[in-house]
Amino acid sequence: MRLIYWVFIFFLFSADFCVAQEKQWGIEVNPKLGFLLAHRGVMGHLPRKHAFGGELTYYIQTHGARKFEEAYNYPKIGLTLFGSSVGNDALLGQVYGLYSFIDFPFAKSEKMELCGRMGAGASWNTKVFDQELNPKN
């Protein structure tokens with residue numbers, strides 16, 4: 001029953017708000033859910049609970065004003081603010097980030113789009129590794 005609840009919340013808050021029909025710009029809200037995979041035995045103490053996070057994205061739809069836009073099938077260009085727990089706040093803290101991106105559409109239809117995102121930015125973690133004070137991070 002909890003799974004159905006979280007799936008409903010995920011789809012409720014996954015939104016894409018756009019201006020008019022031309023989609024000149026938009027705002028996206030995307031929730032994130034995951035888990036930390038302990039891929040080595042020495043990492044077994046790290047996962048405590050699921051990781052929850054979210055993204056707030058502002059994007060602009062290109063329309064061919066620059067030469068590359070037509071060549072790359074009119075990509076979206078934008079900025080994303082990201083925040084998440086990692087599943088163990090006491091040892092690993094939370095992660096926050098801001099990155100710019102460009103979405104390259106590979107295939108488009110009226111209702112769907114398959115694209116790849118390339119981006120770069122900066123992030124901040126609330127807990128850092130310290131050999132004496134936080135050696136298990």
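The following exchange discusses a predicted model and asks why its features carry the names they do.

Me: What makes up the chain in terms of helices and strands, and in which pattern do they come along the sequence?

Reply: The chain has three helices and six strands. Read along the sequence, their pattern is α-β-β-β-α-β-α-β-β.

Me: Why is K76 called buried?

Reply: The relative accessibility of K76 is 11%. Buried means under 20%, so K76 counts as buried. Across the chain, buried residues make up 24% of the 137 residues.

Me: Why does E113 count as partly exposed?

Reply: The relative accessible area of E113 is 36%. The buried class lies under 20% and the exposed class over 50%, with partly exposed in between; E113 is therefore partly exposed.

Me: How do you know that K76 and E113 form a salt bridge?

Reply: The closest N and O atoms of K76 and E113 are 3.8 Å apart. A salt bridge requires a side-chain nitrogen of Lys or Arg within 4 Å of a carboxyl oxygen of Asp or Glu, and so the pair K76 and E113 qualifies. The pair links distant parts of the chain, with K76 in strand β4 (residues 76-85) and E113 in strand β6, 37 residues apart.

Me: What allows side chains of opposite charge to pair?

Reply: Such side chains can pair when their charged atoms come close.

Me: Why do D103 and R117 count as a salt bridge?

Reply: The N to O distance between the side chains of D103 and R117 is 2.8 Å. The cut-off is 4 Å, so the pair D103 and R117 meets the definition. D103 belongs to strand β5 and R117 to strand β6, and the pair links distant parts of the chain, 14 residues apart.

Me: Which of the words buried and partly exposed applies to D103, and which to R117?

Reply: D103 has 7% relative accessibility and counts as buried, because the limit for that word is under 20%. R117 has 36% relative accessibility and counts as partly exposed.

Me: How do you know that K76, K108 and E113 are linked in a network?

Reply: E113 has a salt bridge with K76, and the side chains of K108 and E113 also meet in a salt bridge, at 4.0 Å from N to O. K76, K108 and E113 are thus linked in a network of salt bridges. K108 counts as partly exposed, at 43% relative accessibility. The structure holds six salt bridges.

Me: How many cavities of 30 Å³ or more does the structure hold, and what is the volume of the largest cavity?

Reply: The structure holds one cavity of 30 Å³ or more. The volume of the largest cavity is about 30 Å³. A space is called a cavity because a 1.4 Å probe fits there but cannot get out.

Me: Which residues line the largest cavity?

Reply: The lining consists of Q61, Y74, P75, K76, D103, F104, P105, K108, E113 and C115. By class, this lining has five nonpolar, one polar and four charged residues. β5 (94-108) and β6 (113-125) each supply at least two residues of the lining, and β5 gives the most, with four residues.

Me: What makes the phi values of N73 and Y74 notable?

Reply: N73 has a phi near 65 degrees, a positive value in a residue other than glycine. Y74 has a positive phi of about 55 degrees although it is not a glycine. N73 is found in the loop between α2 (67-71) and β4, and Y74 is placed in the loop between α2 and β4.

Me: Why are N73 and Y74 called partly exposed?

Reply: The relative accessibility is 31% for N73 and 30% for Y74. Partly exposed lies between under 20% and over 50%, so N73 and Y74 count as partly exposed.

Me: Which residues does Y96 touch, not counting residues up to four places away in sequence?

Reply: Y96, which lies in strand β5, touches F82, G83, A122, S123, W124 and T126 on that count. A contact means heavy atoms within 4.5 Å. The C-alpha atoms of Y96 and N125 are separated by 6.5 Å, and the two residues are 29 residues apart along the chain. Y96 is partly exposed, with a relative accessible area of 38%.

Notes
Residues numbered from 1 in each chain as written. Predicted model: local features only at pLDDT ≥ 70, side-chain atom pairs only at ≥ 80, totals over all residues. Heavy atoms only, no water. 1 Å grid on protein atoms, 1.4 Å probe; cavity = no way out; pocket = protein on both sides within 12 Å on 5 of 7 lines; lining within 4 Å. Points joined across faces, edges and corners; volume = space filled by probe spheres on them. Nonpolar A, V, L, I, M, F, W, Y, C, P; charged D, E, K, R; others polar. Buried < 20%, exposed > 50% of the residue type's maximum accessible area, 1.4 Å probe, protein only.
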